[in-house]
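Student: Could you take me through one part of this model closely, starting from a turn between two strands and working outwards to whatever packs around it? I would like a connected account rather than a list.

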Amino acid sequence: MTAPADPSTCSAPEALLTVDGLSLRVRANTRRKRFALTVETDATLTLHTPTGRSTAEAEQFVRAHRHWLLTKRRERERTRPLSPVKQLVEGEVFRYLGRTYRLAVSAEEGASGGVRLIAGRLVVGRNLAAEPQAGRAALVDWYCRAGRSWTGHRLQPWAARIGVTEPDLEVRDLGDRWGSYRPPQDGAGAKGLMSLGWPLFQLPMHLIDYVIAHELAHVKVSGHREDFWRLLRTALPEYEERREDLDELGRRLWMGDVR
């Protein structure tokens, strides 16, 4: 067992603890009143402890919650992001609406040309390809523009199916979120705003439709209570299957890392 500096207490600000084969990072906090456990997104384990509690107490708490920890860690490992890192080189693979497109580096495309989809290839200028961050920005901008154009034709039918007013739309970087909905801000008659994350548009169309329907359901129901899922099921009976597919495919998408 790797214990805090004082082997009888968990008073160090951060240390390591191993209990029956489980390795945990220990974080002590003077304001904390009780033990707590978290399973991080990378499947590592953290024990949060009040300052001054003994190692024996910490071990007992971990053992009492061993089943929960193992279950949550397996879930984290199953859903852990496997996002690839891309190179801006000839032939690199990118996806759009579930289809594969290869990158073409062109000496004829200037810096102002950005990225274009031409004859089944994503074409980028040589100067952008030579600057990874500038090339990344150009690709993200293309996904934003293409995604917004595509969604513009899908929004109204889904809004009608759910029975809501079609909101304003933007496609941008939302971090690790696929979408969000913001209610009207300017009083009666104003539209809400639906935001979609640009990586979403690498997915097959039926999974993008799931996210669109999900966010439109928030026009009527905030949060994820049972009435929200009931509304979504009315518009999209197979939503659970699509949500599972999104969880599995989504963690394999390119999220913008380049080298």
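Tutor: In this predicted model, strands E7 and E8 form a hairpin with two residues between them, and Ala119, which sits in the turn, has a positive phi of about 50 degrees. The two arms of the hairpin, E7 covering residues 115-118 and E8 covering residues 121-125, run antiparallel and are joined by four bridges. One of the positions to look at is Ile118, whose bridge partner in E8 is Arg121.

The hairpin belongs to an open sheet of four strands, in which the order is E5-E6-E8-E7 and the pairing is mixed. At the edges of this sheet stand E5 (93-96) and E7, each of which pairs on one side only. From one strand to the next, the twist averages 40 degrees. Strands of a sheet pair through backbone hydrogen bonds, either parallel or antiparallel. While E8 runs antiparallel to E7, the pairing of E8 with E6 (residues 99-106) is in the parallel sense and extends over five bridges. Within that parallel pairing, Val105 has Val124 of E8 as its bridge partner. Helix H4 (residues 132-152) packs on the sheet, where it touches E5, E7 and E8, and its direction makes about 20 degrees with that of E5.

From H4 one can follow an aromatic contact to another part of the chain. A search of the whole structure finds 10 aromatic pairs. In one of these, the rings of Trp150 and Phe201 have centres 6.3 Å apart and planes at 75 degrees, and because planes over 60 degrees apart count as edge-to-face, this pair is edge-to-face. Trp150 lies in helix H4 and Phe201 in the loop between E11 and H6, so that the pair links distant parts of the chain, 51 residues apart.

The loop that carries Phe201 follows on to a second sheet, and it is worth examining that sheet next. This is an open sheet of three strands in the order E9-E11-E10, again with mixed pairing. Strands E9 (168-172) and E10 (179-182) stand at its edges, and because each has a single partner strand, one side of each is left without a neighbour in the sheet. On average, and with direction ignored, neighbouring strands here are turned by 20 degrees against each other. E10 pairs with E11 (residues 193-197) in the antiparallel sense over four bridges, and within this pairing Ser180 has Ser195 of E11 as its bridge partner. Helix H6 lies across E10 and E11 and runs at about 20 degrees to E10.

H6 (residues 205-220) also has a helical partner, H7 (residues 226-235), and the axes of the two come within 9 Å and cross at roughly 130 degrees. H6 and H7 are therefore oblique to each other, and their crossing is right-handed. On the H6 side the contact is made by Tyr210, Ala213, His214, Ala217, His218 and Lys220, which meet Phe228, Trp229, Leu231 and Leu232 in H7. Sorted by class, this contact of H6 with H7 has seven nonpolar, two polar and one charged residues.

Methods:
Residues are numbered from 1 along each chain as its sequence is written. This is a predicted model: local features need pLDDT of at least 70, side-chain atom pairs count only at pLDDT 80 or more; totals for chains, interfaces and linings use all residues. Side-chain values use heavy atoms; hydrogens and water are left out. Two strands pair if DSSP finds at least two bridges between them. Axes are lines fitted to C-alpha atoms, for helices over the stretch in contact, and angles run from 0 to 180 degrees between N-to-C directions. Contact means heavy atoms within 4.5 Å. Angles under 35 degrees count as roughly parallel, over 145 as roughly antiparallel, 65 to 115 as roughly perpendicular and the rest as oblique. A crossing is left-handed if the near helix is turned anticlockwise from the far one by less than a right angle, and right-handed if clockwise. Ala, Val, Leu, Ile, Met, Phe, Trp, Tyr, Cys and Pro count as nonpolar, Asp, Glu, Lys and Arg as charged, and the others, Gly among them, as polar. Rings of Phe, Tyr and Trp (its six-membered ring) pair if their centres lie within 6.5 Å; planes under 30 degrees apart count as stacked, over 60 as edge-to-face and the rest as tilted.
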